Amino acid sequence: MGSALFYHLTRSGPAQLLPMLIGKSLQAGWRVELRGRDRARQVVLDERLWLDEGFLPHGLAGGPHDARQPVLLTVEGQAAVNAPRCLIALDGAAVSGAECLALERACIVFDGNDPEALERARTQWRALKAEDIAAEYWSEAGGRWERKQ
């Protein structure tokens, strides 16, 4: 049974956290779906992941080799055909309890400085907990990532 890990951003943006989350998933042997809500934002993220230090093999969904991608950037409603074991959801992208159960891990990354994003994450937390999904809350408020009880 998978779990949902909520990452509350307060000091940095997703681009600073994603290399760590993706790197750990790839080290575990998992393929990753990186799901957003807006195609244009995923295109920008795709470019950023190629330009950042370090190599994170990935592709933007809709290409001829999607099934072979270790990390596939999708938008809501788009199938992740790379057989992911980890889902990283950005910008309030939906994550269902059934998806969590089928995965090793779902990571929900949200901007704690955005009231709308914060409320959406709280709603996702309550919905997943209501479906008996094990959930963890991680915060960077103290200057480094810490699991909160």
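Reader: In strand 4, which residue is the bridge partner of Gly 59?
Author: The partner of Gly 59 there is Leu 72. Please keep in mind that this is a predicted model. There is another such pair to look for: Leu 60 has Leu 73 as its bridge partner in strand 4.

Reader: What makes strand 3 and strand 4 count as a pair?
Author: Two strands pair if at least two bridges are found between them. Strand 3 and strand 4, residues 71–75, share 2 bridges, in the parallel sense, so they meet that cut-off. As general background, strands of a sheet pair through backbone hydrogen bonds, in a parallel or an antiparallel way.

Reader: How do you know that strand 2 pairs with strand 4 too?
Author: The test is again at least two bridges. Strand 2 and strand 4 have 5 bridges, again parallel, so they count as paired. In one of these contacts, Gly 36 has Val 75 of strand 4 as its bridge partner.

Reader: In what order do the strands form the sheet?
Author: The order is 3-4-2-5-6-1-7-8, an open sheet of 8 strands with mixed pairing.

Reader: What makes strand 3 and strand 8 the edge strands?
Author: Strand 3 (59–60) and strand 8 (146–148) each pair on one side only.

Reader: Why is strand 4 called largely enclosed?
Author: A residue is buried when its relative accessible area is under 20%. In strand 4, 5 of the 5 residues are buried, so the rest of the structure largely encloses this strand. Try finding its two faces: Val 71, Leu 73 and Val 75 lie on one side, Leu 72 and Thr 74 on the other, and all of them are buried.

Reader: Which strands does helix 2 lie across?
Author: Helix 2 (residues 39–51) lies across strand 2 (32–36), strand 3 and strand 4, and runs at about 160° to strand 4. Helix 4 (residues 115–130) also packs on the sheet, where it touches strand 1 (3–9), strand 6 (105–111) and strand 7 (134–139). The direction of helix 4 makes about 155° with that of strand 6.

Reader: Why is Phe 55 called exposed?
Author: Exposed means a relative accessible area over 50%. The value for Phe 55 is 62%, so Phe 55 is exposed. You will find Phe 55 in the loop between helix 2 and strand 3. Together with Trp 50 and Leu 51, Phe 55 forms a nonpolar surface patch with about 420 Å² of accessible area.

Reader: What about Ala 130, buried or exposed?
Author: The relative accessibility of Ala 130 is 65%, so Ala 130 is exposed. Ala 130 lies in helix 4. From Ala 130 to Gly 97 is 33 residues in sequence and 8.9 Å in space, C-alpha to C-alpha.

Reader: How do you know that Glu 99 and Arg 35 meet in a salt bridge?
Author: In general, side chains of opposite charge can pair when their charged atoms come close. The cut-off is a nitrogen to oxygen distance within 4 Å. For Glu 99 and Arg 35 the distance is 2.5 Å, N to O, so this pair qualifies. The pair links distant parts of the chain: Glu 99 is in helix 3 (residues 97–102) and Arg 35 in strand 2, 64 residues apart. Arg 35 is buried at 8%, whereas Glu 99 is partly exposed at 26%.

Reader: Why can we say that the pair Glu 76 and Arg 37 ties parts of the structure together?
Author: The side chains of Glu 76 and Arg 37 meet in a salt bridge at 3.9 Å, N to O. Glu 76 lies in the loop between strand 4 and strand 5 (86–89), and Arg 37 in the loop between strand 2 and helix 2, so the salt bridge joins parts 39 residues apart in sequence. Glu 76, at 33%, and Arg 37, at 43%, are both partly exposed.

Reader: How many salt bridges does the structure hold?
Author: There are 8. One of them joins Arg 122 and Glu 119 at 4.0 Å, N to O. Both residues lie in helix 4, 3 residues apart, which is about one turn of the helix. There is also a network: salt bridges that share partners join Glu 33, Arg 35 and Glu 99.

Technical notes
Residues are numbered from 1 along each chain as its sequence is written. This is a predicted model: local features need pLDDT of at least 70, side-chain atom pairs count only at pLDDT 80 or more; totals for chains, interfaces and linings use all residues. Side-chain values use heavy atoms; hydrogens and water are left out. Helices (H or I, at least four residues) and strands (E, at least two) are DSSP runs, numbered from the N terminus. Contact means heavy atoms within 4.5 Å. Axes are lines fitted to C-alpha atoms, for helices over the stretch in contact, and angles run from 0 to 180 degrees between N-to-C directions. Patches are made of residues with over 30% relative accessible area and no salt bridge: like charges are joined within 9 Å, nonpolar side chains (Val, Leu, Ile, Met, Phe, Trp, Tyr) within 5 Å. Accessible areas come from the Shrake-Rupley method with a 1.4 Å probe; for residues, only the protein chains shown count as cover. Buried means under 20% relative accessible area, exposed over 50%, partly exposed in between (1.4 Å probe, protein chains only).
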